[in-house]
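Work through the following exercises with the sequence and the model side by side, and try each task before you read its solution.

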Amino acid sequence: MTLQSSLTKNRTFKTNIVIKEEMCYKVSVKDDESELWHKRYGYLNYRSLCLLKTKNIVIRELNVKIPEKSCSICLVGKHYRSTFKSELKMRAKHVLNVVHFDICGPIEVPTYSGNRYFITFVDEYSRIIWLYLIKLKSDVVEVFQKFKVLAEKQSGMKLKILITDGGGEYTSRDFESYCTNQGIIHEVTTSYTPQHNGLFERRNKSLLYMAKSMLKEKKLPHKFWGEAVNSATYILNICPTKKMKDKVPEDIWSGRKPSVNHLNVFGSICYNHAPDSRRKKLENKSEAMILVGYHNTGAYRLLDQHSKKISISKM
């Protein structure tokens with residue numbers, strides 16, 4: 001562009017420029033495959049994603065490359081100062097030999113069901129995680145009893161050693177008497193020393209960071225934290241760990257290599273098929289819902305934005 005102007009008395013050039021109204025165009029960039037799997041896996045680090053590819057430990061060929069730039073969502077949701085290092089060596093020789101158990105909360109914002117805490121159990125041998133959402137700390141004993149029955153039935157093994165911190169919910173008379181009657185050795189870690197239970201601290205930290213990243217990416221309300229930590233648990237159980245690099249926890253626990261073909265990005269809009277018996281002839285054959293998790297049957301957990309109810313569907 002060329003401007004033309006005459007020389008003024010103070011030996012400067014003066015001109016008028018007409019500025020048109022600024023136009024803003026929205027650019028849509030399609031996610032590459034590496035970024036897409038990073039989102040599907042709940043913002044799992046690229047090192048672990050590449051490990052899934054090179055070790056072939058899931059049923060799916062992943063085309064993943066480590067990007068040059070850091071993920072902005074991970075920087076917001078996962079930033080931390082230092083890592084926990086466990087001072088205890090792994091003692092478990094089989095699944096359920098040693099289980100780490102803790103409760104996290106209260107969370108400032110309750111879920112739609114009114115839950116403010118979540119309980120996690122981590123098997124030391126397989127690194128698999130079980131997660132339960134609860135409303136009150138007084139529910140701990142009941143949840144532990146349910147977990148024990150479930151885990152022992154699925155594995156055919158007996159729970160031998162339980163490791164917790166010194167919280168009152170774990171040292172109550174009811175809890176201690178139940179462990180004694182069941183022949184479970186209850187070990188309590190040193191107070192104010194989370195490093196003594198480094199395994200649990202690392203897994204719990206991964207759960208929270210992953211859940212926060214998924215919520216921030218889709219800008220979902222904090223009330224969805226329960227669904228986010230449930231999804232993070234499901235994903236971490238099919239992710240490699242530092243100790244178990246050739247297999248994922250689900251494979252060690254069940255003996256089956258998991259498939260990841262069904263993974264989708266948390267919080268995405270999807271369309272759930274409406275059965276003919278539940279709609280009129282001129283009504284829509286599908287309804288828009290939000291994907292908020294996975295079901296053990298391989299189906300998805302879908303949230304109705306209007307009724308706030310969750311349904312299970314294969315879509």
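The exercises below go from the overall make-up of the protein to its cores, its cysteines and the confidence of the model.

This is a predicted model, in which local features need pLDDT of at least 70 and side-chain atom pairs count only at pLDDT 80 or more, while totals for chains, interfaces and linings use all residues. Residues are numbered from 1 along each chain as its sequence is written, and side-chain values use heavy atoms, with hydrogens and water left out.

**Exercise 1. Describe the overall make-up of the protein.**

Step 1: Helices (H or I, at least four residues) and strands (E, at least two) are DSSP runs, numbered from the N terminus, and the protein has eight helices and nine strands.

Step 2: Of its 315 residues, 43% are buried, where buried means under 20% relative accessible area, exposed over 50%, and partly exposed in between (1.4 Å probe, protein chains only).

Step 3: A contact means heavy atoms within 4.5 Å, and among contacts between residues at least 6 apart in sequence, 57% join residues at least 24 apart.

**Exercise 2. Find the largest nonpolar core and say which elements build it.**

Step 1: A nonpolar core is a set of buried Ala, Val, Leu, Ile, Met, Phe, Trp, Tyr and Cys residues joined through side-chain atoms within 4.5 Å.

Step 2: The largest one has 48 residues, and Tyr-41, Leu-52, Met-214 and Val-260 have the most contacts inside it.

Step 3: Among the elements that each supply at least two residues are helix H2 (46–55), helix H6 (198–218) and strand E7 (286–294), but H7 gives the most, with six residues.

Step 4: Leaving aside residues up to four places away in sequence, Val-260 touches Trp-37, Tyr-41, Val-58, Ile-59, Arg-60, Leu-62 and Ile-238.

**Exercise 3. Determine how many disulfides there are, and whether Cys-239 and Cys-270 are buried or exposed.**

Step 1: A disulfide is a pair of cysteine sulfur atoms within 2.5 Å, and a search of the whole structure finds zero.

Step 2: Cys-239 is buried because its relative accessible area is 2%, and Cys-270 also counts as buried, at 9%.

**Exercise 4. Decide where the model calls for caution.**

Step 1: pLDDT is the predictor's confidence in each residue, from 0 to 100; its mean here is 81, and 81% of the residues reach 70 or more.

Step 2: Among the elements, H3 has the lowest mean pLDDT (72) and E3 the highest (96).

Step 3: Over residues 20–30 pLDDT stays under 50, and the model has zero contacts beyond four places in sequence for them, whereas residues 81–87, also under 50, have 14 such contacts.

Step 4: Where pLDDT is low, the predicted coordinates should not be read in detail.
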